[in-house]
Amino acid sequence: MSEIVPPEVRPKPVVPAKPSHVAPHSSGPFVPSPQGTGGEGRGSALLGYIGIDTIIEQMRKKTMKTGFDFNIMVVGQSGLGKSTLVNTLFKSQVSRRTTSWSRDEKIPKTVEIKSVSHVIEEGGVKMKLTVVDTPGFGDQINNENCWEPISKYINEQYEKFLKEEVNIARKKRIPDTRVHCCLYFISPTGHSLRQLDIEFMKHLSRVVNIIPVIAKSDTLTLDEKTEFKQRVRKELEACGIECYPQKEFDEDMEDKSDNDKIREAMPFAVVGSDKEYQVNGKRVLGRKTAWGVVEVENPNHCEFSLLRDFMIRSHLQDLKEVTHNIHYETYRAKRLNDNGGLSFQTGATV
C-alpha cells in the first residue's frame with residue numbers, strides 16, 4: 001500500500017492591527033452578513049483593517065462643519081407662556097417676549113407671524129434655531145379661519161425650498177426655513193378642547209408636525225390634570241387628529257414601543273420659567289407659589305423634562321426627516337403634478 005501523506009498545514013495569515021490613530025468603533029474584524037446566493041455578500045471575514053467603521057466619524061465631522069437648522073413654531077392664545085417655555089427648553093433667551101397690548105394700541109386684525117433666529121452651541125455642535133411666534137392667534141372675538149395665515153406661512157416655506165431645489169444651478173446648501181415642529185399650547189381649563197383647538201390641529205396636522213402641550217399646568221390639581229389629559233386624547237382620537245409621532249411613521253417595533261409611550265403621555269402638561277430659586281441647597285428653574293416652588297425640571301412636578309428629552313434629545317432629527325420626507329414631499333408632489341407654474345432659473349452655485 002502506498003503511504004498516506006498528510007496535507008500541508010499552512011499558517012493562518014496574521015490580521016494587521018487597526019492603526020493607532022483610528023478611533024475604535026468595533027471589537028473585532030468586520031464580518032459582512034451573507035446576502036443572496038450569488039457572488040455578493042458571501043460573509044467571509046476581512047483579512048485586514050479597511051476603515052469602514054470610520055464612515056460615522058467622517059459624517060460627524062462634515063455635519064459639525066455645516067451645523068444644523070431647526071425651526072420651531074409656537075401657537076396659542078396670548079398669556080400661555082409660549083416664549084417662556086421655548087426659552088426654558090433651550091436654556092437661553094431665544095424667543096422674544098411678547099408684550100401685552102396697551103389700551104392705546106389696537107389688537108391686530110389678523111394673526112401676525114414673527115420669527116427670530118439664534119445660533120446656539122453646545123459641545124462644539126452649532127445649531128441655527130429659529131422660533132416662529134404667532135401673536136394674535138385666538139385673541140379675537142371672531143376667530144373663524146384664524147389658522148389660515150399660519151397654514152399659508154408653512155406652505156410658503158415649502159414653496160421657497162422647492163423653488164431653490166428646482167433651479168438649474170441650485171445652491172450647494174439650500175437654506176431650510178421649513179417648520180419642523182409646531183408646539184400647540186392648550187389653555188389649562190380642565191374641561192375640554194375648544195372648537196378652535198380642534199379645527200387648528202385638524203387643518204395643520206396634515207402639513208406640519210404638531211405637538212400639543214397643556215400650558216401652565218401648575219394651575220391644575222393632579223386629578224384635574226390627569227382627567228384633562230385623558231379627555232384631550234379622546235377628543236383628538238374622535239376627531240381623527242394624529243399628532244407627532246404618527247403611528248404610520250413607526251419604522252420598526254422598537255420605534256413603535258418608544259413612540260407608544262410618548263403618545264400615551266400626550267398632551268404634555270408643562271410649566272415654563274426662566275427664573276431660578278434656591279431649593280434644598282440647589283438652584284433650580286421654577287415658579288414660586290404661596291405653598292412652595294414648582295420645579296420645572298422635576299418630573300414629579302410637571303412633564304417639561306419629558307417634553308425636552310423627546311423633542312430635542314431623542315426625536316429632533318426624526319422631526320426634520322418627517323418634515324422633509326413626508327410633509328414637504330407631499331407638498332412637492334402636489335405642486336409638480338399641478339405643474340404649479342414653477343420657473344426654472346439659472347444662477348451661480350453658492
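Reader: Hi! I'm new here and I've landed on V213. Which residue stands opposite V213 in β6?

Author: Welcome! V213 has F268 of β6 standing opposite. One thing to keep in mind as we go: this is a predicted model.

Reader: Good to know. How do β5 and β6 pair, parallel or antiparallel?

Author: Strand β5, residues 210–214, pairs with β6 in the parallel sense, over two bridges.

Reader: And what sheet does β6 sit in, with which strand order?

Author: It's an open sheet built from six strands, in the order β2-β3-β1-β4-β5-β6, and the pairing is mixed. The edge strands there are β2 and β6 (268–269), each of which pairs on one side only.

Reader: Let's go to the other end, then. How many bridges join β2 to β3?

Author: Nine bridges, and β2 and β3 run antiparallel. For landmarks, S117 stands opposite T130 in β3, and V119 has K128 in β3 as its bridge partner.

Reader: What do β2 and β3 form together, and how many residues lie between them?

Author: A hairpin, with two residues between the strands. G123 is in that turn, with a positive phi of about 60°.

Reader: Moving along the sheet, in which sense do β1 and β3 pair?

Author: β1 and β3 are parallel partners, joined over seven bridges. You can find the match by looking at F68, whose bridge partner in β3 is M127.

Reader: Which helix lies across β1, β4 and β5?

Author: That's α4, residues 195–204. Helix α4 runs at about 170° to β4 (181–186).

Reader: Nice. What about the three-stranded sheet: what's its order?

Author: The order is β7-β8-β9, again as an open sheet, and the pairing is antiparallel. β7 (276–279) and β9 (292–295) are at the edges with a single partner strand each, so one side of each has no neighbour in the sheet. From one strand to the next, the twist averages 70°.

Reader: How many bridges join β7 to β8?

Author: Four, with β7 and strand β8 (residues 282–289) running antiparallel. One residue to click on is Q278, since its bridge partner in β8 is R283.

Reader: Changing topic: at what angle do α3 and α8 cross?

Author: Their axes cross at roughly 75° and come within 10 Å. That makes α3 roughly perpendicular to α8, because angles of 65 to 115 degrees count that way. Helix α3 covers residues 148–165, and α8 covers residues 316–337.

Reader: Which residues of α3 and α8 meet?

Author: From α3 you have N155, Y158, E159, F161, L162 and E165. They meet T323, H324, H327, Y328, Y331, R332 and R335 in α8. The residues of this contact divide into five nonpolar, four polar and four charged.

Reader: Okay, pockets! How much space lies in the largest pocket?

Author: About 600 Å³. Its lining has 15 residues, and those nearest the centre of the largest pocket are F90, I120, E122, M127 and I312.

Reader: M127 again! Which elements give two or more residues to the lining of the largest pocket?

Author: Those are β2 (114–122), β3 (125–133), α7 (304–314) and α8. And yes, M127 is the residue we met as the partner of F68.

Reader: How do the residues of the lining of the largest pocket divide into nonpolar, polar and charged?

Author: The lining has eight nonpolar, two polar and five charged residues.

Reader: Last topic, the backbone. Which residues does a cis peptide bond join, with omega about 0°?

Author: Y244 and P245. P245 lies in the loop between α5 (222–238) and α6 (253–265). A cis peptide bond also joins M266 and P267, with omega about -5°, and P267 is in the loop between α6 and β6. As background, most peptide bonds are trans.

Reader: And what is phi of K91?

Author: Phi of K91 is near 50°, a positive value in a residue other than glycine. Most residues other than glycine have a negative phi. You'll find K91 in the loop between α2 (82–89) and β2.

Reader: Thanks, that gives me plenty to click through!

Notes:
Residues numbered from 1 in each chain as written. Predicted model: local features only at pLDDT ≥ 70, side-chain atom pairs only at ≥ 80, totals over all residues. Heavy atoms only, no water. Axes fitted to C-alpha atoms, helices over the stretch in contact; angles between N-to-C directions. Parallel < 35°, antiparallel > 145°, perpendicular 65-115°, else oblique. Contact = heavy atoms within 4.5 Å. Nonpolar A, V, L, I, M, F, W, Y, C, P; charged D, E, K, R; others polar. 1 Å grid on protein atoms, 1.4 Å probe; cavity = no way out; pocket = protein on both sides within 12 Å on 5 of 7 lines; lining within 4 Å. Points joined across faces, edges and corners; volume = space filled by probe spheres on them. Pairing = 2+ DSSP bridges.
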